[in-house]
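Trainee: Before we discuss the ligand site, could you show me the model, so that I can ask how each term is justified?

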Amino acid sequence: MSERKKVTLPMLFQKIEDGVPITFLTCYDYPTAFFQEQAGVDMILVGDSLGMTMLGYDSTLPVTMEDMIRHSQAVRRGAPNVWLIGDMPYMSYQPSVETAIRSAGRFMAEAGCDAIKLEGGVKMADRIAGITAAGIPAMGHLGLTPQSVSALGGFRLQGKGAQQAKKIIDDAKALEDAGAFAILLELVPDRLCKLITERAENCFIIGLGSGLDAHGQLLIYHDMFGLYPKFKPRMAKVFGKAGEIILEGLKQYVQEVTGRKFPQPENWFGMPDEEYNELLQMLD
Ligand code: KIV
């Protein structure tokens, strides 16, 4: 077990300066956070995707601030040194700049986050500006933005046509000008991601299903290890079939308990004869 140096924003920008890609994963719980920190992951997102991966909802919309704070606290306890980003849930920032600043402040004060992320472009730039003016680093999120999945027509590629691609470039510029330290591009074509990455001057670009050219990559942890039973998106690579291993282990457990093969003496504690006999006498 090794103690890592605390990741800071200047360290992340230095990596980009040095041409070293940033590693970024979602995480929602203490033990996974511990492993991610040990593995050397730079940044963790406590994503509102936890609504689907951990709570079993069909979308991220039912997720509350209370859900996000509770999970962010657990992740921070497991990974004290990563750059921790709390994902602002649905309606925690859309109503007004003030709502956005108050919600962002909760991630910092109650969960020890280093930054927050919110979805949306030009229309959310004033939220990014307000949050950064309050001293809280803010990350933008463009392309496929799951909180707007209904308006976007489903979980699908964004920015394929020139018009829509230009709009995403304009959105990215607005977020950068508003003070975002980074922008996540989810499910946009690789060429569009490259154009935005090349244009970014004061922020860095993270890709999710958007090609190789971003300054860093994000993956959803549950997709990486086959832990989300409903589907595996094309943008995800499976790095290990943990879901299958867990399912096999669970089936074996059911078999062994049913067949009285578990537990074995090494799994329980005995009682000395004299104590046991004394106990029986007491019961008589
Ligand atoms: O909630 C989340 O995990 C996210 C990713 C889909 C980018 O926002």
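Trainee: Which element supplies the largest share of the lining of the largest pocket?

Mentor: In this predicted model, the largest share comes from β1, with five residues. Beside β1 (22-26), the elements that each supply at least two residues of that lining are α3 (50-53), β4 (115-119), β6 (182-186) and β8 (216-219).

Trainee: What is the volume of the largest pocket, and which lining residues are closest to its centre?

Mentor: The largest pocket has a volume of about 840 Å³. Of the 39 residues that line the largest pocket, E186, L208, I220, P233 and M235 are the closest to its centre. By class, the lining of the largest pocket divides into 21 nonpolar, 11 polar and seven charged residues.

Trainee: Why is the ligand said to sit in the largest pocket?

Mentor: A molecule sits in a pocket if more than half of its atoms lie within 2 Å of the grid points of that pocket. The ligand is assigned to the largest pocket, so more than half of its atoms meet that cut-off.

Trainee: What makes the pairs that D48, S49 and D87 form with the ligand polar contacts?

Mentor: The term requires a pair of N or O atoms within 3.5 Å. A polar side-chain atom of D48 lies 2.8 Å from an oxygen atom of the ligand, an N or O atom in the side chain of S49 is 2.5 Å from a ligand oxygen atom, and for an N or O atom in the side chain of D87 the distance is 3.0 Å. Each of the three pairs is therefore a polar contact by the 3.5 Å cut-off. As for cover, the protein takes up 97% of the 250 Å² of accessible area that the ligand has on its own.

Trainee: How many residues surround the ligand, and to which classes do they belong?

Mentor: The ligand is surrounded by 13 residues, of which D48, S49, D87, K117 and L184 are the closest. By class, this shell has five nonpolar, four polar and four charged residues.

Trainee: What is the volume of the second largest pocket, and what lines it?

Mentor: The second largest pocket has a volume of about 470 Å³. Of the 21 residues that line the second largest pocket, the closest to its centre are G120, G121, T145, K167 and D171. Two or more lining residues come from each of β5 (138-143) and α8 (162-178), and α8 gives the largest share, four residues.

Key: Residues are numbered from 1 along each chain as its sequence is written. This is a predicted model: local features need pLDDT of at least 70, side-chain atom pairs count only at pLDDT 80 or more; totals for chains, interfaces and linings use all residues. Side-chain values use heavy atoms; hydrogens and water are left out. A residue is near a molecule or strand if one of its heavy atoms lies within 4 Å of it. A polar contact is a pair of N or O atoms within 3.5 Å; within protein, one must be able to donate a hydrogen and the other to accept it, and residues adjacent in sequence count only if both atoms are side-chain atoms. Accessible areas come from the Shrake-Rupley method with a 1.4 Å probe; for residues, only the protein chains shown count as cover. On a 1 Å grid over the protein atoms alone, a cavity is a set of points where a 1.4 Å probe fits but cannot get out, and a pocket is an open set with protein on both sides within 12 Å along at least five of seven lines; lining residues have an atom within 4 Å of a point. Ala, Val, Leu, Ile, Met, Phe, Trp, Tyr, Cys and Pro count as nonpolar, Asp, Glu, Lys and Arg as charged, and the others, Gly among them, as polar. Grid points are joined across faces, edges and corners, and a volume is the space filled by probe spheres set on the points.
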